Amino acid sequence: MLYGITAAATALLFSALLTGVLRTPALRLGITDRRRRRPLPLSGGTAVALATVLVAGGADAAGLLPLGAGVGRVVAAAGCVALLGLAADLRRLRWWVTPAGTAVAAGFVVPYEETGAAAGAAAVAWIAVVTTAFRGLDHADGVAGAVGAVGAFGVAACATAELMDGLAALLGVLAAALAGFLLHNWFPARAGLGSAGALFTGFLLAASAVFVRAGQGIGAGAAVLYALTAVVCADAALVVLGRRLDRRAVTRGRPDHLGHRLRRLGIAPRAVPVLLGAGSAGGVLVAVCVHTGRLPAGAAWWVAAAAVPVLVLVRRPVTPVFRPRQRVASTSSQVSERLRVRSG
């Protein structure tokens, strides 16, 4: 227990320090968020991945927190996914490269001897989808870090119930590393997570959840996996549905994620990650109760019912819309104002 707390504290401090130190190199190398009005260095992803891997790997090598062979394979695969995300941060890749690479990495970590071939293939697809969807949360200050930290605590609780102490310690280190990153990512953000950190976090959460639920009931397993990632699933469903209704390509980015739409409702920037983090905590609580047998698998429908109002936001416009007459009137008034200033 003491070693776990020490490892988590070390990861928090290491991640916070690295995120700040790597800001300048990220700016010089052009590793910035292209969706922002000002350059935002994506140093947080590298910091979170390095802090998690080095602290957990170092504790395992020293014999303080043995991870186990299966968990070590998950960490190695997550590191490879982080490198793929770093390549996506450095240059624009085709849309299918990161999901395909994530699926290949997931194929090496799923315990097929416990899941079986069919369920194992479904688990690979689920890991790839959730990892890709989690990348979409890194669009607003604090959202990805808050949702990821809450999810890591939830999967760690499920692992603790299964006496998987190594996996629980790893997820505790991940949650602490994300907390250290949030010190730089809270509004107004001074550093971003980027594809490297988002893919690393999403993959580690999804793969660890599959690892914990392997060999148990399919129905309850699906309920737990959904409840653990309810906010991620809701955001992905909202984006896909909205773009299909607008007859736009699903793979083409737009400011139409859940955080964007909440901001359009007038919610303050600092309140958005708090609200989504609270929603994630509710889903995680249900997931842990279902996993430990305190609630039936049908309790996941409560989480699904709570996510239904989110889909109502699909008709919320994501960009300002003006009628043609309003646009003409606005343009005419601007021209008149310029002429008046010049004549004066």
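**Exercise 1. A loop residue with an unusual phi**

In which loop is the place of arginine 247? Find it, then look at its backbone and its exposure.

*Solution.* Keep in mind that you're looking at a predicted model.
- Step 1: Arginine 247 sits in the loop between helix H12 (230–245) and helix H13 (258–264).
- Step 2: Now check the backbone. Phi of arginine 247 is positive, about 55°, although the residue is not a glycine.
- Step 3: Exposed means over 50% relative accessible area. Arginine 247 has 79% relative accessibility, so it counts as exposed.

**Exercise 2. Another positive phi**

Find where leucine 163 is placed, and decide whether it is buried or exposed.

*Solution.*
- Step 1: Go to the loop between H8 and H9; that's the place of leucine 163.
- Step 2: Its phi is near 60°, a positive value in a residue other than glycine.
- Step 3: With 71% relative accessibility, leucine 163 counts as exposed.

**Exercise 3. Two helices side by side**

Work out how helix H8 (residues 143–161) packs with H9.

*Solution.*
- Step 1: Start with the axes. They are 8 Å apart, and the packing angle is about 165°.
- Step 2: Angles over 145 degrees count as roughly antiparallel, so H8 is roughly antiparallel to H9.
- Step 3: Look at the handedness: the crossing of H8 past H9 is left-handed.
- Step 4: Pick out the residues that meet. From H8 they include Gly145, Ala149, Ala152 and Val155, and from H9 they include Leu167, Leu171, Leu174 and Leu178.

**Exercise 4. Into the core**

Which residues touch the most other members of the largest nonpolar core?

*Solution.*
- Step 1: The core has 79 residues, and the ones to pick are Ile127, Leu174 and Phe203.
- Step 2: Ask which helix gives the most to this core. That's helix H10 (residues 194–213), with 12 residues.
- Step 3: Zoom in on leucine 174. Leaving aside neighbours within four places in sequence, its contacts are Val48, Thr52, Ala152, Phe200, Thr201, Leu204 and Leu205.
- Step 4: There's another core apart from the largest one; it has 8 residues, among them Ala7, Val55, Leu65 and Ala176.

**Exercise 5. Two buried side chains**

Compare the surroundings of serine 208 and phenylalanine 181.

*Solution.*
- Step 1: Place them. Serine 208 lies in helix H10, and phenylalanine 181 lies in helix H9.
- Step 2: Buried means under 20% relative accessible area. Serine 208 is at 0%, so it counts as buried. Phenylalanine 181 is buried too, with a relative accessible area of 0%.
- Step 3: List what they touch, not counting residues up to four places away in sequence. For serine 208 you get Val74, Val155, Leu167 and Leu171. For phenylalanine 181 you get Ser15, Thr19, Gly44, Val48, Ala191, Gly192 and Leu193.
- Step 4: Take one of those partners, alanine 191. It is 10 residues from phenylalanine 181 in sequence, and their C-alpha atoms are 8.3 Å apart in space.
- Step 5: While you're here, visit the loop between H9 and H10, where proline 188 has its place. The peptide bond from phenylalanine 187 to proline 188 is cis, with omega near -5°.

**Exercise 6. The helix at the start**

Describe the length of helix H1 (residues 2–21) and what its buried residues pack against.

*Solution.*
- Step 1: H1 has 20 residues and reaches 29 Å from its first C-alpha to its last, close to the expected 28 Å.
- Step 2: Its buried residues include Ala7, Ala11, Ser15 and Thr19.
- Step 3: Follow the buried residues of H1 outwards and you find helix H2 (23–29), helix H3 (43–61) and helix H9 (165–185) packed against them.

Note on methods:
Residues are numbered from 1 along each chain as its sequence is written. This is a predicted model: local features need pLDDT of at least 70, side-chain atom pairs count only at pLDDT 80 or more; totals for chains, interfaces and linings use all residues. Side-chain values use heavy atoms; hydrogens and water are left out. A nonpolar core is a set of buried Ala, Val, Leu, Ile, Met, Phe, Trp, Tyr and Cys residues joined through side-chain atoms within 4.5 Å. Buried means under 20% relative accessible area, exposed over 50%, partly exposed in between (1.4 Å probe, protein chains only). Helices (H or I, at least four residues) and strands (E, at least two) are DSSP runs, numbered from the N terminus. Contact means heavy atoms within 4.5 Å. The expected span of a helix is 1.5 Å times one less than its number of residues. Axes are lines fitted to C-alpha atoms, for helices over the stretch in contact, and angles run from 0 to 180 degrees between N-to-C directions. Angles under 35 degrees count as roughly parallel, over 145 as roughly antiparallel, 65 to 115 as roughly perpendicular and the rest as oblique. A crossing is left-handed if the near helix is turned anticlockwise from the far one by less than a right angle, and right-handed if clockwise.
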